[in-house]
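Welcome, and thanks for taking a look at this one with us. Please open the structure and keep the sequence beside it as you read.

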Amino acid sequence: MTAARSPLAPDAPPRPGLRERKKIKTREAIRGAAYALVEEQGYDSTTIEQIAGRAEVSPSTVFRYFPTKEDIVVTDEYDEPLLAELAARPADEPWTDSVRYVIRKAVRLAMTEQPEITELRARLMLEVPAVRARVRETVTGIGRTLAEAVARRTGLAPEGLEVRVHTMALIGGLLEATMYWAEHGHREDYADLADRAIDVIEHGLPTGKS
């Protein structure tokens with residue numbers, strides 16, 4: 001099992017320098033080692049020392065890239081390509097349509113190129129309290145980054161209450177869609193669940209059945 005690469009790279013991205021390419025390669029090796037070990041022996045039984053050995057790096061190198069074991073699972077290379085993709089959407093396109101397009105594209109490609117890793121990460125988020133807690137801790141930083149993207153598209157202030165509420169609702173909704181997907185054994189279409197989460201944020205709750 002190899003580490004997931006971002007499916008959202010721009011069509012003609014600038015080639016990173018040698019130093020950055022080495023960092024990316026090291027991060028991918030560490031993630032790939034961690035995913036493989038977790039599949040073999042479970043999350044709690046996997047240690048940083050084992051991950052380092054499998055990735056052929058030192059434990060200190062693992063900690064330099066990932067402060068905690070949970071960060072290996074929680075973080076990925078998607079954030080910058082995701083924002084670049086959002087920025088590239090037509091300026092007159094409704095914001096939620098842009099988000100829907102980018103999220104669906106990301107999910108579809110992730111499920112095509114790295115289905116095992118995508119399912120594993122969702123399962124760990126559901127089953128491992130430490131992973132779930134770390135996800136919650138990182139939400140604030142992700143929200144700030146997304147708020148900046150919302151501000152650029154809408155002209156609203158990124159620190160404004162409305163933007164902050166919207167971005168955190170969006171992130172929370174997508175996290176809940178991921179948890180729901182894992183709870184139901186990954187049987188439902190992940191992209192459709194993400195769409196449903198965005199629908200709730202955009203339109204509110206559906207009308208209850210009589």
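In which helix does L37 lie? L37 belongs to helix α1, which covers residues 18-41. Keep in mind that this is a predicted model. The notes below start with two buried residues, move on to the packing around helix α6, and finish with two loop residues that have positive phi.

**Two buried residues in helices**

- L37 has a relative accessible area of 5%, so this residue is buried.
- Beyond residues up to four places away in sequence, L37 touches G42, T46, Q50, I51 and R54.
- P158 is 121 residues from L37 along the chain, and the C-alpha atoms of the two are separated by 40 Å.
- V131 sits in helix α8, residues 129-154, and counts as buried at 1% relative accessibility.
- The C-alpha atoms of V131 and V73 are separated by 7.4 Å, with their positions 58 residues apart along the chain.
- V73 is also one of the contacts of V131, along with Y43, E70, V74, L124 and M125, when neighbours within four places in sequence are left aside.

**Helix α6 on its own**

- Helix α6 runs over residues 95-113 and has 19 residues.
- From first C-alpha to last, α6 reaches 27 Å, close to the 27 Å expected at 1.5 Å a residue.
- Its buried residues are W95, T96, S98, V99, R100, V102, I103, A106, V107 and A110.
- As a reminder for reading such a list, an α-helix has 3.6 residues a turn, so residues three or four places apart point the same way.

**α6 against α9**

- Helix α9 spans residues 161-183, and its axis comes within 13 Å of that of α6, with a crossing angle of roughly 30°.
- The two helices are therefore roughly parallel to each other, and α6 passes α9 in a right-handed crossing.
- On the α6 side the contact is made by W95, T96, V99, I103 and M111, and on the α9 side by H166, L170, L174 and W181.
- By class, the residues of this contact of α6 with α9 are 7 nonpolar, 2 polar and no charged.

**α6 against α10**

- The axes of α6 and α10 come within 9 Å and cross at roughly 160°, so the pair is roughly antiparallel.
- This crossing of α6 and α10 is right-handed.
- From α6, the contact takes in T96, V99, R100, I103, R104, V107, R108 and M111; from α10, it takes in Y190, A191, D192, A194, D195, I198, D199 and E202.
- The contact of α6 with α10 has 8 nonpolar, 1 polar and 7 charged residues.

**Helix α10 and its neighbours**

- With 14 residues (190-203), α10 should span 20 Å at 1.5 Å a residue, and its end C-alpha atoms are indeed 20 Å apart.
- Y190, A191, L193, A194, D195, A197 and I198 are buried in α10.
- The buried residues of α10 pack against α6, α7 (115-127) and α9.

**Loop residues with positive phi**

- Most residues other than glycine have a negative phi.
- E56, in the loop between α2 (48-55) and α3 (59-65), has phi near 60°, a positive value in a residue other than glycine.
- H186, in the loop between α9 and α10, also has a positive phi, near 60°.
- Are these two residues buried or exposed? E56 is exposed, with a relative accessible area of 75%, whereas H186 counts as buried at 18% relative accessibility.

Definitions and conventions
Residues numbered from 1 in each chain as written. Predicted model: local features only at pLDDT ≥ 70, side-chain atom pairs only at ≥ 80, totals over all residues. Heavy atoms only, no water. Axes fitted to C-alpha atoms, helices over the stretch in contact; angles between N-to-C directions. Helix = DSSP H or I, 4+ residues; strand = E, 2+ residues; numbered from the N terminus. Parallel < 35°, antiparallel > 145°, perpendicular 65-115°, else oblique. Left-handed = near helix turned anticlockwise from the far one by under 90°. Contact = heavy atoms within 4.5 Å. Nonpolar A, V, L, I, M, F, W, Y, C, P; charged D, E, K, R; others polar. Expected span 1.5 Å × (residues − 1). Buried < 20%, exposed > 50% of the residue type's maximum accessible area, 1.4 Å probe, protein only.
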